[in-house]
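I opened this entry to keep track of what I looked up, beginning with how two chains meet and ending with a pair of helices.

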Amino acid sequence: MASANVHPASEPARWKYLDSVRTRPGPFTDASTFNGSVVARAMETMKVLVIGAGGLGCEILKNLALSGFKDIHVIDMDTIDISNLNRQFLFRQEDVGKSKAEVAARFVEKRVRGVRITPYNCKIQDFDEDFYMQFQLVICGLDSIEARRWINATLVGLVDENIEDSYKPLIDGGTEGFKGQARVIFPTVTSCIECQLDMHAPRAAVPLCTLASIPRQPEHCIEWAHVIAWDQEKPFPQLDKDDPEHINWLYQKALDRAREFNIPGVTYSLTQGVVKNIIPAIASTNSVIAAACCNEALKIASNCAPSLGLPDANYMMYSGNDGIYTYTFRHERKDDCPVCGGQARDLPADAAWTLRELLDSLAARPEAQLRQPSVRTATKTLYMQLPPSLEEQTRPNLDKTLAELGLDHGQEIVVTDPAFATVIFMFKLKFKSR
Amino acid sequence: MLKIWSMKKEQEKAENAGEGTTAPAPKKKRVTAAQLRVQRDLAELSLGNTMTTEFPDPDNILSFILYIEPDEGMYKGGRFSFSFNVTPAFPHEPPKVLCREKIYHPNIDTEGKVCLNILREDWKPVLNLNAVIVGLQFLFLEPNASDPLNKEAADDLRNNRDGFKRNVRQAMAGGTVRGETYQRVLV
């Protein structure tokens, strides 16, 4: 078992070369935030969260452990598949079927003395804000946009302007074949993942009628089986893309259809690839991107050199498709970003007001002047001007008081108005009687 | 220790010239990006007098039903309903739209799937819910034989327009066309 408390002083030789980087200022080090004598101790006690223990995650865990981080946590909901073994080097054949997070954690602990890695074999959504609050740094090696958006929104939501420790830098790596990206997000300070969503190329879709009537490629036959035949025949209650029996059903259906239209090339593995949207992974691209991410982690934790995101560039793209090309640039924050933009403004109100009185006050406020406001909270539709059916359903709310509607001091409300088609107003109710 | 804190403080100093800090409000469930966008899109819907909506749960604006009653064209006299389900990925993914009746239409299959380019391959985040309902309305005014989902209906439309019209009337009345029985949708 690895022991958690190995003081750097007891093993100076081991970190000699790392120390010559992290304990000495360079020409661009910001003197106001750098203190070389406490760096090693700070990195040792800092809690770092790694999300994903796959292709990028294996590299990230190894790199962090060898960079002097000693309290590392890792979340991954997946189990090890035999197809992972060519690049996810912390896993062996006998590990197939076991939790990625647990096997990766044990492996790195065994190889790097003094590091403690805490695995979580579950979804990131299984944890609440309190869990994420304990970390000082989050590094993602994910393959899904959905998970990135979730953790991004969670970290932005944690920010409390009065609590220094509520700001968690987020480092995000991603790869696709020979291409990749590394970016750093300082929640509410720099552009966030939601601001940068347009950087993701959407998955090319084939028109439904092509699938239904004139397939030309093996992929069309597979998509037909997946999108149309499955729904018509429903061979199993719910499609499980990891169940070989389900994939085999789709494969046979696709094969029949391909025969009918004389299309060669439908195979079991292509079926799996199309249905699960598998993109070929290249081990070396993962290494390049993970290395970039972990160098940023080292710089953010030690302040020994300026990191990505401070103050200018926050996004590094890498392309190995045609020679090597990398470019680093600043992605601007979006003022109307639904996650990090539009910090809610205070709106004076009274619990005894009716909703109508609140809306009237919005029309009167000089900075708002909202004459046809529609108002919602995250869970409740308070009043919508349109469409007519929703207006009718929410009209009775107008004569209820804010207290009756369950609105508390501090409640955030979202207001839209057709006069400001592109603007979304966020307000935070401030009750006078407090 | 982390530089982000000092950065944030400087940013704030630049932004506001001294408003007293307020006690932090308890953390509330945040409004999602999809909700924000749908709230804005709904206020821009132009339903005219041929369309209405129904919200089974007014607090959940991500799920609703759209009714279309075409006032011209071959489908005049029918009332068609579509379920709209907006996923958390909206507007980066299109809303999921299904026809709730089994109808005879070249671009809608008997499961209710709709072949409308902006619901799939040509969806862009700049499009909104209004673009979708305009597209759906158009399908009833100009059914399109070159994008068939119901192949028989498309063949009929292409080869025998008058026969197709008769089939539409028959199917809308709850009759059988080419061995397939359709749902009555006449108002």
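By buried area I mean the accessible area, taken with a 1.4 Å probe, that two parts lose on being put together, summed over both. I keep in mind that this is a predicted model.

Interface, extent. I looked up the buried area first and found that chain A and chain B bury about 5,600 Å² between them, with 59% of it on carbon and sulfur atoms. On the side of chain A, the residues that lose the most area to chain B are L208(A), R376(A) and A378(A), which together make up 10% of what that side buries. I then noted that the contact takes 72 residues from chain A and 49 residues from chain B.

Interface, polar links. I found three salt bridges between chain A and chain B, and one of them joins R120(B) to E223(A), with the closest N and O atoms 3.4 Å apart. Between the two chains I also noted 13 residue pairs in polar contact, both residues at pLDDT 80 or more. Among the elements of chain A that each supply at least two residues of the side touching chain B are α8 (218-233) and β13 (425-431). That side of chain A divides into 36 nonpolar, 20 polar and 16 charged residues.

Helix pair in chain B. I turned to helix α4 (residues 151-159) and helix α5 (residues 161-172) of chain B, whose axes come within 5 Å and cross at roughly 135°, which makes α4(B) oblique to α5(B). In this contact A153(B), D156(B), L157(B) and N159(B) of α4(B) meet R161(B), F164(B) and N167(B) of α5(B), and I sorted the residues into three nonpolar, two polar and two charged.

How values were computed:
Residues numbered from 1 in each chain as written. Chains lettered and ligands numbered in written order. Predicted model: local features only at pLDDT ≥ 70, side-chain atom pairs only at ≥ 80, totals over all residues. Heavy atoms only, no water. Axes fitted to C-alpha atoms, helices over the stretch in contact; angles between N-to-C directions. Helix = DSSP H or I, 4+ residues; strand = E, 2+ residues; numbered from the N terminus. Parallel < 35°, antiparallel > 145°, perpendicular 65-115°, else oblique. Contact = heavy atoms within 4.5 Å. Nonpolar A, V, L, I, M, F, W, Y, C, P; charged D, E, K, R; others polar. Salt bridge = Lys/Arg side-chain N within 4 Å of Asp/Glu carboxyl O. Polar contact = N/O pair within 3.5 Å; in protein donor to acceptor, adjacent residues only side chain to side chain.
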